[in-house]
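This report describes how aromatic and nonpolar side chains are arranged in one protein model. Please examine the sequence and the structure before reading on.

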Amino acid sequence: MVPSPAEPVAAEGSGKTETRSPASLGAAPLSGLGPSDGPEAAAEKEQVEVELAGPAGAEPPPPPEGGWGWLVMLAAMWCNGSVFGIQNACGVLFVAMLKTFGSKDDDQMVFKTAWVSSLSMGMIFFCCPIVSIFTDIFGCRKTAVVGAAIGFIGLMSSSFVSSIEPLYLTYGIIFASGCSFAYQPSLVILGHYFKKRLGLVNGIVTAGSSLFTILLPLLLRVLTDNLDLFYTLRILCIFMFVLFLAGFTYRPLVPSVRDKESGIKGGNRSSFFSRRKFSPPKKIFNFAIFKVTAYAVWAVGIPLALFGYFVPYVHLVKYVNERFKDETNKEVVLMCIGITSGVGRLLFGRIADYVPGVKKVYLQVLSFVFIGLMSMMIPLCSVFGALIAVCLIMGLFDGCFISIMAPIAFELVGAQDVSQAIGFLLGFMSIPMTVGPPIAGLLREKLGSYDVAFYLAGVPPLIGGAVLCFIPWIHSKKQREINKTTGGEKMEKMLENQNSLLSSSSGIVKKESDSVI
């Protein structure tokens, strides 16, 4: 039997005892099982492995709340900006792709081109559950650096294609997968360096995507007008190269599963590449979170609402080119969404702090209602100024939807399971965000205008918002059942205690009476 952290152990050859601390257990290497080792030895080794993974009473080091963490924050901000700035500015690239690869003989070119951007955004979210596992095993730094390198390769190879179809692989899959592997570690690493200031740091980091969404459409418009699509993609590779360098700043403070298996304390800081062998964790996917009914409904309602969510980002610039031909700086509509999205993230993130428990879901319901209505109002705008106003409102509630996803996940499943809960949700979100824009492009090709596409894009958010309204009721009902069960168990224990007290007191009285007699 392995001694517990506080259990004294007799030293060999002496009568003295020594106390093994959790740290000493964590640093002790494990010996492999020999041929003569029996079940007891196997159980002993398994218990040691559990203590290595997280010994009783051991806590991770407190976040430094600054120092090197500020550089990590800037690196994470660049990651958010470069990844989602490029994705949100895809409307400008969409027009450039149509101009480069378009043909009068191909009636479905809008449909084919829409698949590039939607597949790219969908792959970022689709890979999130897988990335969370790699981050747990290999750590944030290695995952982010390799992801940025893959994204660089995908974007660079996209600049050498001769038709639209290869972009499905190079831009839609390789580049997007690399972005996903670089993006998720940038969120995880912040919790290693900050705790008290984590809300502020998260706000600054997520504002990076809004800042890049404001600036990149202007840059891409200048590049595509003066150069061409291919040179524009090569210039964007600079963003990915900087992201590759930024990943090296994610110095680990908490050991990964790989380091824990190797007995390394505080993470492997010295070597980026390691040949140490390790056993992968037995429990990779935690499907038990779907037994939480409120989370299951949330995981269905959010993707249901997002079938029309990404349609404006892809098709809005093309729509403006067709509807408002005399307007200059048509990419300003995406800038407006980016500006108010950043404001919405800060504003509604702060408001959510004052909304108790699962009732934060009502803020998401509100955001989906406005996003759906604004999508339906896009075809009704007869002047460009009205369209700008619609985009400003849409961006504000887009920021609301994004900023409170993590707090709601914490309320539904708790801190222990929140990482995989968000990972599963982002994976489910990839399906509607991939399918929605191509369907809108197909409607444009068949009907000759975007009107019906935008009308239909506003329906899923309204339906999804209606589904989310049931979550607080389901959660409160479940909590009442738990409290009722817990209360009944407490009552039974109280009755048992009372009965034991009565029996013991009656025994004492009987003994006293016997002694008197």
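## Aromatic and nonpolar contacts

In this predicted model, the charge of R234 sits over the face of F160, at 4.5 Å from the ring centre. A second arrangement of this kind involves R444, which lies over the face of Y450 at 5.9 Å from the ring centre.

Rings also meet one another: the structure holds 26 aromatic pairs. One of them joins W78 and F212, and this pair is edge-to-face because the ring planes stand at 90 degrees, with the centres 5.3 Å apart. W78 belongs to helix 3 (residues 68–88) and F212 to helix 10 (residues 198–226), so the pair ties together parts that are 134 residues apart in sequence. The pair of F244 and F248 is likewise edge-to-face, since its planes are at 85 degrees, and its ring centres are 5.4 Å apart.

The table gives the accessibility of these four residues.

| Residue | Relative accessible area | Class |
|---|---|---|
| W78 | 26% | partly exposed |
| F212 | 12% | buried |
| F244 | 25% | partly exposed |
| F248 | 36% | partly exposed |

F212 counts as buried because its value of 12% is under the cut-off of 20%.

Aromatic residues also gather in a group: F290, Y295, W298, F424 and F428 form one aromatic cluster. Two members of that cluster, Y295 and W298, appear again in the largest nonpolar core, which has 127 residues. Together with M429, Y295 and W298 touch the most other members of this core. Leaving aside residues up to four places away in sequence, M429 touches F125, I302, P303, L306, F401 and M405.

Terms used. Residues are numbered from 1 along each chain as its sequence is written. This is a predicted model: local features need pLDDT of at least 70, side-chain atom pairs count only at pLDDT 80 or more; totals for chains, interfaces and linings use all residues. Side-chain values use heavy atoms; hydrogens and water are left out. A nonpolar core is a set of buried Ala, Val, Leu, Ile, Met, Phe, Trp, Tyr and Cys residues joined through side-chain atoms within 4.5 Å. Buried means under 20% relative accessible area, exposed over 50%, partly exposed in between (1.4 Å probe, protein chains only). Contact means heavy atoms within 4.5 Å. Rings of Phe, Tyr and Trp (its six-membered ring) pair if their centres lie within 6.5 Å; planes under 30 degrees apart count as stacked, over 60 as edge-to-face and the rest as tilted. Helices (H or I, at least four residues) and strands (E, at least two) are DSSP runs, numbered from the N terminus. A charge sits over a ring if NZ of Lys or CZ of Arg is within 6 Å of the ring centre and within 35 degrees of the ring normal.
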